[in-house]
Structures are given as C-alpha cells and as structure tokens.
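Got the viewer open? Keep a selection box handy and we'll walk through this one stop by stop.

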Amino acid sequence: MKGGHLQIVVCGAGPAFDVTDLVRTAQERSWTVAITATPSAMDFIEPQRLETLTGHSVRSTYQSSPGTRRSLPATDALVIAPATYNSINKIALGLADNYAMTSVAELIGRQVPTVIVPFVNAALAARAPFRHALASLRDEGVRVLLGPDDQWEPHPPGSGNERQRAFPWVVAFETAAQLAHESRPATSGHT
Ligand SMILES: Cc1cc2nc3c(=O)[nH]c(=O)nc-3n(C[C@H](O)[C@H](O)[C@H](O)COP(=O)(O)O)c2cc1C
C-alpha cells in the first residue's frame with residue numbers, strides 16, 4: 001500500500017525520544033503522520049521537533065491548538081509505540097482517562113488497523129494483568145509485537161537503555177502498513 005495516514009500514540013518510556021525514526025520511515029513511504037502523546041510521554045519527547053517533522057501539533061490534552069480539528073482525522077493505521085505497561089493494561093480494559101487513551105479506545109473501536117509495540121521489562125511482563133491484557137487485545141484483533149515470533153522480547157530489568165536502540169520502529173510501520181493494506185476494500189481505488 002502506497003500512502004495513507006498514520007496515527008502514532010507515544011507513551012512514557014525511553015524509546016519515545018526516537019519516535020522520529022517511525023515518522024521518517026512512514027514519510028519515506030508517502031504516509032502522512034500525526035502524533036498523540038500520553039501526559040507522561042511529554043517528558044520523553046521533543047514536541048517542537050516532532051511538529052516540525054510532521055506538520056501537526058503533538059496532541060496530549062483535549063485542548064486543541066487554534067485551527068486544529070477536534071474530531072479524529074481519517075486514519076489508515078494506528079501504531080502505539082513505545083507502549084508502556086501502564087497504557088497497555090489501560091487499553092485492554094478500555095480505560096480512557098487522558099486524550100491519548102480516549103483516541104486509542106475510539107480508533108480500535110472503529111476497527112482501525114492497530115499495532116502495539118510494548119517496551120517493558122521481564123518483571124512487568126510476567127505479571128498476570130499484563131499477560132491478560134495482551135491476550136485480550138489480541139483477541140480483539142490488535143496486533144501486539146511481542147514474543148519470539150516477533151523477535152521482540154521484554155528486556156531484563158535495568159537494561160532498558162541498551163535495549164532502546166533496538167526498538168523495532170521499521171517493523172512496527174511495515175506491520176501497520178500491511179494491516180492497512182489487508183483491511184482496505186479492493187474497490188477503494190488506492191494503489
Ligand atoms: C525514566 C523513566 C523510564 C521509564 N521507562 C519505562 C519503560 O520502559 N516501560 C514502562 O512500561 N514504563 C516505564 N516508565 C514508567 C512509566 O513512565 C509510567 O508507568 C507512566 O505512568 C506511564 O504513563 P503512560 O502509560 O500514560 O505513558 C518509565 C518512567 C521513567 C521516569
């Protein structure tokens with residue numbers, strides 16, 4: 001699939017700083033991109049740099065900047081990355097306690113192709129609520145990139161800084177683009 005609109009939701013974990021890699025990957029393939037950040041993620045990113053790169057303000061609150069539409073734009077795919085332990089558990093439960101979580105709840109409900117890329121350590125990943133959350137999201141049709149088949153595993157506690165460099169931004173985009181392609185009606189006229 002060539003082109004489309006990608007919505008990225010960034011959570012509060014180290015790889016958030018490198019979300020520019022995902023933006024550039026998408027733009028190189030003729031996709032437009034907009035970024036929403038959880039309130040915690042705002043401490044991990046450079047919003048001004050991302051706004052310059054995407055041409056859209058980074059949304060984190062319900063308050064939109066002048067001239068910005070309030071409703072969600074037509075979205076071909078959603079990537080939630082890096083996805084924290086906290087946000088993954090909330091998304092699975094359907095919690096909508098900030099703008100990012102509300103957007104995610106609605107986009108998944110609209111059946112927008114969605115990819116979640118967790119960034120969690122092995123201690124958090126071993127918790128029963130997290131395992132249930134992954135199973136629930138997968139059951140709902142969300143693609144969660146985690147496990148041996150995805151070659152992306154929880155890291156040992158305390159090793160997040162080293163693991164950050166291996167964050168699979170390109171795989172995240174390619175998976176989302178493939179899902180978008182598969183979900184697009186054959187008669188839509190897109191190439
Ligand atoms: C420096 C720092 C690094 C963090 N790294 C992670 C992480 O890699 N994974 C994670 O799940 N939480 C991480 N956290 C904790 C989350 O930021 C915290 O759970 C926060 O509530 C997440 O909010 P959000 O899910 O709304 O973005 C980190 C926190 C700090 C301060």
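Here is a route from the whole fold, through the strands, to the ligand.

Before you click anything: this is a predicted model, where local features need pLDDT of at least 70, side-chain atom pairs count only at pLDDT 80 or more, and totals for chains, interfaces and linings use all residues. Residues are numbered from 1 along each chain as its sequence is written.

**Whole chain.** Start with cartoon view. You should find 8 helices and 5 strands (DSSP runs numbered from the N terminus: H or I of at least four residues for helices, E of at least two for strands). Along the sequence they read β-α-β-α-β-α-α-β-α-α-β-α-α. The radius of gyration, taken over C-alpha atoms, is 16 Å, close to the 16 Å that the globule rule (2.2 Å times the number of residues to the power 0.38) gives for 191 residues, so the protein is as compact as a globular protein of that length. The C-alpha trace spans about 45 × 35 × 30 Å along its principal axes.

**Residues 4-37.** Select strand 1 (residues 4-10) and strand 2 (residues 31-37): they run parallel, joined by 7 bridges. (Two strands pair if DSSP finds at least two bridges between them.) Histidine 5 has threonine 32 in strand 2 as its bridge partner. Now add helix 1 (residues 19-28), and you have a right-handed β-α-β unit: with the strands pointing away from you, the path from the first strand over the helix to the second runs clockwise.

**Strand 4.** Next, pick residues 114-118. Are they buried or exposed? Strand 4 has 5 of its 5 residues buried, meaning 20 or more other C-beta atoms, placed from the backbone, within 10 Å of a residue's own. Turn the strand around: Thr114, Ile116 and Pro118 are buried on one side, Val115 and Val117 on the other. Bring in strand 3 (residues 77-83), which runs parallel to strand 4 over 4 bridges; leucine 78 is partnered with threonine 114. Strand 5 (residues 143-144) also pairs with strand 4 in the parallel sense, over 2 bridges, with valine 115 matched to arginine 143.

**The ligand.** Last stop: show the residues around the ligand. There are 14, the closest being Gly12, Ala13, Thr38, Thr84 and Ser87 (the cut-off is a C-beta atom, placed from the backbone, within 6 Å). Which helix gives the most to this shell? Colour helix 3 (residues 85-93), which supplies 3 residues.

Conventions: Buried ≥ 20, exposed ≤ 12 C-beta atoms within 10 Å, placed from the backbone.
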